[in-house]
Amino acid sequence: MIVLKLGGSAITDKERPETVDGEALASAADAISNALDDGLEGLVVVHGGGSFGHHNASEHGVSTTEGTRDVAAIGDIHGAMRTLNGFVRKRLLERDVPAVPVHPFSAAHREETGRLELPTGQVETLVSEGFVPVLHGDLVSHAGTGATVVSGDELVAALARDLEAERIGLCSTVPGVLDESDEVIDEITAFEDAADVLGESDATDVTGGMAAKVRALLELEAEASIFGLEDLEAFLEGEEPGTTIA
């Protein structure tokens, strides 16, 4: 099983609200299609919010910890993510990838402590039936708080644990985690190894940026790779481009 995240920054223009980066999304879809044609099986795709989810969540003051009970805000944020999910699946379907939607808002929830509960049985069954489930950052109901954001990174972590993924890939706008000289760090085995260079995203991001990604991946048993779009095909072919999180 492979869990692949397409970063929102990689497939949208995060500086322009609700704008897809058509060239980047097409490139990602091509890489996924080619890998399936070459025999890849057991793929789950998660995509981030980019200029769709993050923009709307920021406008309404909603994050992974700050919730809302405003139905209009929920409609704006969830609606934007469903729209982006439709764009992603459309590009995949155009290339004969059997992509199907799984919307976390309809399945997951948070306990009062903030702990995410994500049923994954439907995802596992879809994969076993030959589909490619496509999940996305979203809102989820949150006990005592209304609804809060669930990030794509949280979904990747939950899916990887429950489905016992062999490989995890995070496709980003950068070729990996970069050091002070903008060189790719080959491997990170502890957060302290790269704490000095892990900062927040420059664009609007309500889910924690690169630091949150690395923290989440370090807690998983499976090795993960953070890489740029140009290395997506290599990752799907079994290589370990970018930064390995182990």
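This is a short walk through one protein model, taken strand by strand and then core by core. Please keep in mind throughout that the model is a predicted one.

Let me begin with strand 6, residues 132-136, where five of the five residues are buried. If you look at its two sides, you will find Val132, Val134 and His136 on one face and Pro133 and Leu135 on the other, and all of them are buried. Which strands pair with strand 6? Strand 2 does so in the parallel sense over three bridges, and strand 3, residues 99-101, likewise pairs with strand 6 in the parallel sense over three bridges. To place these pairings on the structure, you can take Val46, whose bridge partner in strand 6 is Leu135, and Pro101, whose bridge partner in strand 6 is Val134.

I would like to stay a moment with His136, which belongs to strand 6. Is His136 buried or exposed? Its relative accessible area is 0%, and because buried means under 20%, His136 counts as buried. Its side chain makes a polar contact with the side chain of His103, at 2.8 Å. Once the neighbours within four places in sequence are left aside, the residues in contact with His136 include Val46, His47, Met81, Asn85 and Leu155.

Now to another sheet, which is open, has four strands in the order 5-4-7-8, and shows mixed pairing. Its edges are strand 5, residues 116-117, and strand 8, residues 146-150, each of which pairs on one side only. Strand 7, residues 138-142, runs antiparallel to strand 8, and five bridges join the two; within this pair, Asp138 stands opposite Val150 of strand 8. Helix 4, residues 71-93, packs on the sheet and touches both strand 7 and strand 8, with its direction at about 135° to that of strand 7.

Turning to the nonpolar interior, the largest core holds 38 residues, and the members that touch the most others are Leu159, Ile168 and Val214. Among the elements that each supply at least two residues of this core are strand 2 (43-47), helix 5 (121-128), strand 9 (167-172) and helix 7 (209-218). Which helix gives the most to this core? That is helix 6, with six residues. For Ile168, again leaving aside neighbours within four places in sequence, the contacts include Val3, Val156, Ala160, Leu217 and Phe235. Apart from this core lies another, of 28 residues, among them Leu4, Ile11, Leu43 and Val88.

Finally, let me set two loop residues beside these buried parts. Asp38 sits in the loop between helix 2, residues 22-37, and strand 2, and because its relative accessibility is 63%, where exposed means over 50%, Asp38 counts as exposed. From Asp38 to Ala160 there are 122 residues along the sequence, and their C-alpha atoms are 23 Å apart in space. Where does Glu192 lie? You will find Glu192 in the loop between strand 10, residues 187-188, and helix 7, and with a relative accessible area of 65%, Glu192 is exposed as well. Glu192 and Thr125 are 67 residues apart along the chain, and 38 Å separates their C-alpha atoms.

Technical notes
Residues numbered from 1 in each chain as written. Predicted model: local features only at pLDDT ≥ 70, side-chain atom pairs only at ≥ 80, totals over all residues. Heavy atoms only, no water. Core = buried A, V, L, I, M, F, W, Y, C linked by side-chain atoms within 4.5 Å. Buried < 20%, exposed > 50% of the residue type's maximum accessible area, 1.4 Å probe, protein only. Contact = heavy atoms within 4.5 Å. Pairing = 2+ DSSP bridges. Axes fitted to C-alpha atoms, helices over the stretch in contact; angles between N-to-C directions. Polar contact = N/O pair within 3.5 Å; in protein donor to acceptor, adjacent residues only side chain to side chain.
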